[in-house]
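Trainee: Could you take a close look at the aromatic residues with me, and at what surrounds them? I'd like to work outwards from a single ring.

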Amino acid sequence: MNFITNILHILTSGAAAYVTSRNMRDSLTRPSMLASLQLSESGAVPFLEKLSQRATAEGDTWLAEKLARHAADERRHGQIFAQALKQLNKQIIDFKSLSKSNNNNRSPFFAAYFQGYSSENLKPENIKWDVFMASTYILELDASKDFVRMANALPEDPISNNIKKGILSVAKDETGHAAYLYEALESRLPAAEVVQLTDEWRSRKVNALFAMINDFLQKGGKMTNLARDGVPSELENELVIN
């Protein structure tokens, strides 16, 4: 990573960390923050499962197993955030309404991160393995640190401490995901190309964070509310996170 990119990475990551930590610390925005994390983690499951099936068809059993485990982890993470919302007597808003209201609003972060790639390019059956591995490696590596910061931003009370334990377990999984993705890159590409490719996606991440922060400022520092009162019926009898 060149010097300028490194400086911009520090600045944008710091700004994003401030926003997410503030939203997790504030009891008014915490439910929506947890709901957005539930959406993000659960939403990755079908994509990863299809990639695992593709790797199996291509004869790469090691990668297929790693992707299947990754998908299972993401599903569990979604459940962890759903349980965290439950402890606040909240749940994610109706997904159909959310999809309808955001029909033409692609995330500015991902629009910038995958600039130049069409939705067709990014489908699990079409995406190039090195693109998937490098782009996801950067996201997972950073997420592992972001989740620790968000967990540590929570106040000290029994419910928050319970939620914190769940978030820290997610952070640990993300570290493992980043590790296998980098290992997969190293098995496919020369070391110099791995560095070049991950640097490219680091630069894309910087641009994506700029886009996200700009969108946040344009909205007056307000985030879309993704949580509503109540507990989903399927969670009513489940135990809290241990």
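Mentor: Happy to. Let's start with Phe 109, which counts as buried because its relative accessible area is 9%, under the 20% cut-off. Keep in mind that this is a predicted model. Phe 109 belongs to a cluster that ring pairs hold together, with Phe 110, Tyr 113, Phe 114, Tyr 117 and Trp 201 as the other members. At Trp 201 there is also a charge to look at: Arg 204 lies over the face of this ring, 4.7 Å from the ring centre.

Arg 204 leads us to Ala 112, as it is one of the residues that Ala 112 touches; setting aside residues up to four places away in sequence, the others are Asn 207, Ala 208 and Ala 211. Ala 112 sits in helix α6, which covers residues 108–113. At a relative accessible area of 17%, Ala 112 is buried. Its contact with Asn 207 spans 95 residues of sequence, yet the two C-alpha atoms are 6.4 Å apart in space. Contacts across long stretches of sequence are a feature of the chain: of the contacts between residues at least 6 apart, 82% join residues at least 24 apart.

Back to the rings themselves. A pair of aromatic rings is described by the distance of the centres and the angle of the planes. Searching the whole structure gives 11 aromatic pairs. One of them joins Phe 109 and Phe 110, with centres 5.0 Å apart and planes at 85 degrees, so this pair is edge-to-face. Phe 110 has a relative accessibility of 36%, so Phe 110 is classed as partly exposed.

Another edge-to-face pair is that of Trp 129 and Phe 132, where the centres are 6.3 Å apart and the planes make an angle of 75 degrees. These two residues share helix α7 (residues 129–153) and are 3 residues apart, about one turn of the helix. Trp 129 and Phe 132 are both buried. Trp 129 has a charge over its ring too: the charged end of Arg 54 sits there, 4.4 Å from the ring centre.

Now follow Arg 54 into helix α3. Arg 54 is itself among the buried residues of α3, together with Val 45, Leu 48, Leu 51, Ser 52 and Ala 55. The cover over these buried residues includes α2, α4 and α7. Helix α3 (residues 45–57) has 13 residues and measures 19 Å from first C-alpha to last, close to the 18 Å expected at 1.5 Å a residue. After α3 comes Gly 59, with a positive phi near 85 degrees.

Of the helices that cover α3, α2 is a good one to check next. Its 14 residues should span 20 Å at 1.5 Å a residue, and its end C-alpha atoms are indeed 20 Å apart. The buried residues of α2 include Arg 30, Pro 31, Met 33, Leu 34 and Leu 37.

In α4, have a look at His 70, which lies in this helix (residues 61–87). With a relative accessible area of 1%, His 70 is buried. Leaving out neighbours within four places in sequence, His 70 contacts Leu 48, Thr 136, Glu 140, His 177 and Tyr 180. Leu 48 is one of the buried residues of α3 that we met above. Further along the chain, the loop between α4 and β1 (90–92) holds Asn 89. Asn 89 is not a glycine, yet its phi is positive, about 60 degrees. Its relative accessible area is 47%, so Asn 89 is partly exposed.

One more helix deserves a visit. Helix α8 (residues 158–188) has 31 residues and should span 45 Å at 1.5 Å a residue; the 46 Å between its end C-alpha atoms agrees with that. At the start of α8, a side-chain oxygen of Asp 157 comes within 3.2 Å of the backbone nitrogen of Ile 159.

To place all this in the whole chain, there are 9 helices and 2 strands, running α-α-α-α-β-α-α-α-α-α-β from the N terminus. Of the 242 residues, 43% count as buried. The chain exposes about 13,000 Å², with 55% of that area supplied by carbon and sulfur atoms.

Key
Residues are numbered from 1 along each chain as its sequence is written. This is a predicted model: local features need pLDDT of at least 70, side-chain atom pairs count only at pLDDT 80 or more; totals for chains, interfaces and linings use all residues. Side-chain values use heavy atoms; hydrogens and water are left out. Helices (H or I, at least four residues) and strands (E, at least two) are DSSP runs, numbered from the N terminus. The expected span of a helix is 1.5 Å times one less than its number of residues. A polar contact is a pair of N or O atoms within 3.5 Å; within protein, one must be able to donate a hydrogen and the other to accept it, and residues adjacent in sequence count only if both atoms are side-chain atoms. Buried means under 20% relative accessible area, exposed over 50%, partly exposed in between (1.4 Å probe, protein chains only). Contact means heavy atoms within 4.5 Å. Rings of Phe, Tyr and Trp (its six-membered ring) pair if their centres lie within 6.5 Å; planes under 30 degrees apart count as stacked, over 60 as edge-to-face and the rest as tilted. A charge sits over a ring if NZ of Lys or CZ of Arg is within 6 Å of the ring centre and within 35 degrees of the ring normal. Accessible areas come from the Shrake-Rupley method with a 1.4 Å probe; for residues, only the protein chains shown count as cover.
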